[in-house]
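User: I am new to this structure and would like the terms explained as we go. Please show it and then take my questions.

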Amino acid sequence: MKALVLSQHGGLENLQCVTDYPMPTLQDGHVIIRVGASSFNYHDVFTVKGMPGIKVPLPVVIGLDFAGTITEIGGQVTGWQVGDRVLVNPLNKTKGLMGEMLDGGMAEYCLVSAEQLIKMPDAVSFEQAASLPVAYGTAHRMLITHNTVKKGDRVLILGASGGVGTGCVILAKKLGAEVIACASSAEKLARLKEIGADEVINYKDVDFSKWAVEKYGKPQRRNYEGGVDVVINFTGGDTWVPSLRCLKRGGKLLVCGATAGHDPKEDLRYVWSFELQIIGSNSFYMDNLTALMDMISKGEITPMIDKILPLEQASEGLRLIQDREVLGKVIITP
Ligand SMILES: NC(=O)c1ccc[n+]([C@@H]2O[C@H](COP(=O)([O-])OP(=O)(O)OC[C@H]3O[C@@H](n4cnc5c(N)ncnc54)[C@H](OP(=O)(O)O)[C@@H]3O)[C@@H](O)[C@H]2O)c1
């Protein structure tokens, strides 16, 4: 079958679309899925490069997020039928993440444990479902499960143009927040406005933290005036301390990643003086994905899909993410 295979760590040239990858073999407790769509995340860039402490069994079919149709059902599987449309939660309880520790969704067919399946509502397309788990699922957990954003909050989102970022913009707007979206180009900012951002900042040209202090006033230690209520920061690096500086007293800094560096300079004075809360989020659960598909089928949200590419052009799709040239998700259809 066709599959996007990583044979050794390094650059994107190590990813190859092959046509002779072995078909998965059915196992008890599992189903085989014909993949309808899969999507990339920045995580796939890390997987291709290789991450310290994570030993990926190579070669591996990459792709964490995917949705498709069940074509075969193994022994001991109940409640599913051939032809069911399903979204896959990529976290396999015994082996780890699909597309990293075991073959993932960038292929024509994939073996999946029945525990990882979620039935798709008819009104949700494969492309929409495949855009959800890692990016929107994490955004949903960060904002909704952890109850961090409420109506009227000023929410400043760094990296708003990415997968998690557009998910945060869309969900924060749905919660009634005032959204300040930060991205690195005028084109991205224009599109972020189209999906609901109230304010946009090009943080290549403008210091986002100073911008927020000028716009909303200096955060006060003795009252709750000035600054923003929430900063969403999965960039890390030198954006960390500026994020602390523009939060109002009692403000929340939400973090689920560190694309630009996980050990930034810290300034604890802001944390205690302004009684800031730093709230981490990791991953997502079945309830996040079910809730997101429900929102799509009710017409309450539409995931932001930038490009849909065939499997043969999948490496180019990941290059776009690596080089920060996307707005939202890149979807691959085998
Ligand atoms: N803990 C979890 O469960 C979890 C789940 C999902 C994601 N994550 C993490 O969250 C981060 C975002 O993931 P994603 O899939 O949404 O990524 P993405 O689609 O590539 O978006 C990341 C955005 O961050 C911005 N950015 C700022 N500095 C960057 C840099 N130095 N390198 C690359 N991009 C930079 C880019 O927008 P501009 O060019 O406009 O600045 C980019 O669009 C990643 O670090 C990922 O590992 C963690």
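**The ligand shell and two loops**

Analyst: At least two residues of the shell around the ligand come from each of α1, α3 and α4 (163–174). Helices (H or I, at least four residues) and strands (E, at least two) are DSSP runs, numbered from the N terminus. This is a predicted model: local features need pLDDT of at least 70, side-chain atom pairs count only at pLDDT 80 or more, and totals for chains, interfaces and linings use all residues. Residues are numbered from 1 along each chain as its sequence is written.

User: How many residues surround the ligand, and which are the closest?

Analyst: The ligand is surrounded by 26 residues, the closest being Tyr 42, Gly 159, Gly 162, Ala 183 and Gly 257. A residue is near a molecule if its C-beta atom, placed from the backbone, lies within 6 Å of it.

User: Why is the ligand said to lie between domain 1 and domain 2?

Analyst: Domain 1 (3–131 + 303–333) and domain 2 (134–280) both contribute residues to the shell, so the ligand lies between them. The domain bounds come from an automatic or database domain assignment.

User: Why is Gln 76 called buried or exposed?

Analyst: A residue is buried with 20 or more other C-beta atoms within 10 Å of its own, exposed with 12 or fewer, and partly exposed in between; C-beta atoms are placed from the backbone. Gln 76 has 10 such atoms within 10 Å, so Gln 76 is exposed. Gln 76 sits in the loop between β5 (65–73) and β6 (85–88).

User: What makes Asn 147 count as exposed?

Analyst: Asn 147 has 9 C-beta neighbours inside 10 Å, and therefore counts as exposed.
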